[in-house]
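Biologist: I'm new to reading protein models. Could you walk me through this one, feature by feature?

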Amino acid sequence: MPGDTLNINNKATAQHTYDAIVIGSGISGGWAAKELTEKGLKVLMLERGRNFEHIKDYKSASKDPWDFEHHGQATQEELKRHPIIARTWGKSEPIIDYWANDVDAPYTEIKPFKWWRSYQFGGRSILWGRQSYRWSDFDFDANKKDGWAIDWPIRYKDLSPWYDHVEKFIGVNGSRENLPQLPDGHFLPAMDMTCVEKDVAARIKEKYKGSRHMIIGRSANLTAPIAGRTQCQFRNRCWEGCPFGGYFSTQSSTFPAANATGNLTVRPFSIVTKIIYDKDSKKAKGVEILDAENNQTYQYFSKIVFVNASALNSAWVLMNSATDVWPDGLGSSSGELGHNIMDHHYNCGASGTVDGYEDKYYYGRRPNGVYVVRFANLFGDKRDYLRGFGYQGGASREGWSRSVAELSVGAGFKEALTEPGQWTMGMTAFGEILPHHENKITLDKTKKDKWGLPVLAMDAELKDNELKMRKDMVSEAKAMFESSGIKNINTWDGGHQIGDGIHEMGTARMGRDPKTSVLNEHNQVWDAKNVFVTDGACMTSAACQNPSLTYMALTARAANFSVEELKKGNI
Amino acid sequence: MNRREALSSVALLLGGTIIGADIFLSGCKSDVKISSALDFSPENIAFLDEVGETILPTTAGSPGAKAAQIGQFMKTIVTDCYEEKDQKIFAEGIGKLNAASKTKYDKVFMELGADQKHDLLVAIDKEAKDYQKTKKPEGPNHYFTLMKQLTLWGYFTSKPGATQALRYVAVPGRYEGCIPYKKGDKAWAT
């Protein structure tokens, strides 16, 4: 009977209806789920890849080096599944299959592009570098001050309480430095510097009369315990997944909190193919997914949709949504969807040797390094390019892999290698990339992935400003090392393909005007107010600090706003 | 591992990258090719054990590379992780090393005395270093560079190498950045 069918459909719809849907389970998706569930919303979190459980699925994490058949090296067979990761330093035996299968999910490189993807629960929150720095108003003001692209619709004061909120929950270690360009946060105890790092930092301070700062890195590793998590054990094997929960990941931190509310449902193997847009209400009704295992299509419904699929995939979802209204997708009315891709350009810097300190060493493996805070184009400094860069590096003693020139083989050679070698220090710069409209991604409908879905085509490259900056990044590293007594200095510039900084961002930027931006100041899509994009896609400029902490703060802020708006009946 | 280490330690390994690690796959090959020249017979494994033991012999404080089953390790890595061109160089290296032995001592490597083995590998090591220094980056590697690299890497990441020749602490539990070191203390394995 027709009535029965209707009844079944209604029941099915009810079973598929939630207050909010979160697309993605990585760093920002986990935060969206935590905040929304804690505020009482029933949340469906969709993950395109497999489930990946805390501790249980960290299969390599307690192995010793010799327990790995290839002692850490990926095999040719594994590299075949990961031809993109094979071009990077991420191709390591323990974690090779934490990365997405590049063959199943290809993309088109109009210009060379390294896309480091992790398609499993937790996303790149398992694999991330954990460096956690606040932005300052030098960053939020930058576009406006330089007259470049568009102004950020927010300032530091808008985000500052949310940085507090995030840092208190995830645990960030660091030292208080009182630097306007790198605001202090709510810190756990700072990690130690090595003896050489301490002295180099002091010499830089002296040489540059207090205008340059080498500080201990700020990282999301616990240097003191937090409820439900054990503090960092200094194994430095974070990216295999930490059985102690010693660093922030979805698994160790946001998922347990969201799950404890009883309001969270996680559905793995769910590739969101589009947001279902309702022309009448001008809002999203839910999402359509393709089940990655059975290839069936399902629909889920909600009042709010959070898009946290990672910067490029979030843009991909939008491009495939509401195409009957906007051929180029939801959020494309500005002409900016998929444009303005940024990253941090790196892989250039300096290294050298340090005389002396033969009577000094260290204990433990620190999952962190030192950080040289941005100094270019600040406080009266003026360069022939815009913006700036920071350095990340460290000093340590050489191990067995050093070359012992005077000894070639035999007992003497072996005995020499059982002792630590000389001290060396190195650092690589992370530079800001400007938003360029012509740096973009588009849909390549001529190529399909394993599931028959169109793939992305990458068309982005470094421009003059970044290339000029790179020269300075190298020469300043050399100058700072020379001034602090480092010898045998080598500089390098290995070039940078966009994406290789693993900080891709900007494809659905925030702004003040729907004509020039995809999102408003609350991360709402201008064209669908109940759709929020809070991963790297939302960024209006890139600064030079590692961005994840800012994504978390923006997500928590937007989630709070979305619930308020829902209560007011505005969305 | 993090970016800093990826950039420093890997690049420092014997003055270059780990061979087999920096493969640049431009597309997806239909299958992985294994060189037909590879021969890991028990005799060849024993030969590689002996080469490894000569590079890193048993000493007062720790066992040598043979105790780390270095021949078997070379077989695993060369078979699974090497590109075909390096597999071929490695396979031909066994014959070349024996030829060098015959030229110098009129005996194959396995028949040499310990001092002769040592002296032969010192000479070949010098030849390999000189060759690697002058070759083009994309040019073929010297077979002995591969054997020596596999020996060092395999041994110092093996249980006897990491725990007896070096110091290994699986779970340090804390970090101290600046502590005293006295000559003779072993280096950390990781």
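Modeller: Sure! Let's begin with strand pairing: two strands pair if DSSP finds at least two bridges between them. Keep in mind that this is a predicted model. Here, E21(A) and strand E22 (residues 528–533) of chain A run antiparallel and are joined by 2 bridges.

Biologist: Which residue in E22(A) is the bridge partner of Val525(A)?

Modeller: That's Ala528(A).

Biologist: And what is the order of the strands in the open sheet of chain A?

Modeller: Follow E7-E2-E1-E11-E22-E21 and you've got its 6 strands, with mixed pairing. Now look at the edges, where strand E7 (264–267) and strand E21 (524–525) of chain A stand. Each has a single partner strand, so one side of each has no neighbour in the sheet.

Biologist: Okay, on to the two chains. How many residues of chain A are in contact with chain B?

Modeller: For contact, think heavy atoms within 4.5 Å. By that rule, 74 residues of chain A touch 83 residues of chain B. The area buried between chain A and chain B comes to about 6,700 Å², and carbon and sulfur atoms give 61% of that. On the chain A side, Gln76(A), Tyr363(A) and Trp400(A) lose the most area to chain B, together 14% of what that side buries.

Biologist: What about salt bridges between chain A and chain B?

Modeller: The count is 1. Glu419(A) forms a salt bridge with Lys183(B), with the closest N and O atoms 2.6 Å apart. There are also 28 residue pairs in polar contact across this interface, both residues at pLDDT 80 or more.

Biologist: Which element gives the largest share of the side of chain A that touches chain B?

Modeller: H10(A), with 5 residues. Sorted by class, that side of chain A has 30 nonpolar, 23 polar and 21 charged residues.

Biologist: Can strands pair across chains too? Where should I look for E14(A) and its partner in chain B?

Modeller: Go to strand E1 (residues 176–180) of chain B: E14(A) pairs with that strand in the antiparallel sense over 3 bridges. Within E1(B), Ile179(B) is the bridge partner of Tyr361(A).

Biologist: One last residue: is Thr76(B) buried or exposed?

Modeller: The cut-off for buried is under 20% relative accessible area. Thr76(B) counts as buried because its relative accessibility is 13%. You'll find Thr76(B) in helix H3 (residues 70–81) of chain B. Leaving aside neighbours within four places in sequence, Thr76(B) is in contact with Glu69(A), His70(A) and Cys81(B).

How values were computed:
Residues numbered from 1 in each chain as written. Chains lettered and ligands numbered in written order. Predicted model: local features only at pLDDT ≥ 70, side-chain atom pairs only at ≥ 80, totals over all residues. Heavy atoms only, no water. Buried area = accessible area lost by both parts, 1.4 Å probe. Salt bridge = Lys/Arg side-chain N within 4 Å of Asp/Glu carboxyl O. Polar contact = N/O pair within 3.5 Å; in protein donor to acceptor, adjacent residues only side chain to side chain. Helix = DSSP H or I, 4+ residues; strand = E, 2+ residues; numbered from the N terminus. Nonpolar A, V, L, I, M, F, W, Y, C, P; charged D, E, K, R; others polar. Buried < 20%, exposed > 50% of the residue type's maximum accessible area, 1.4 Å probe, protein only.
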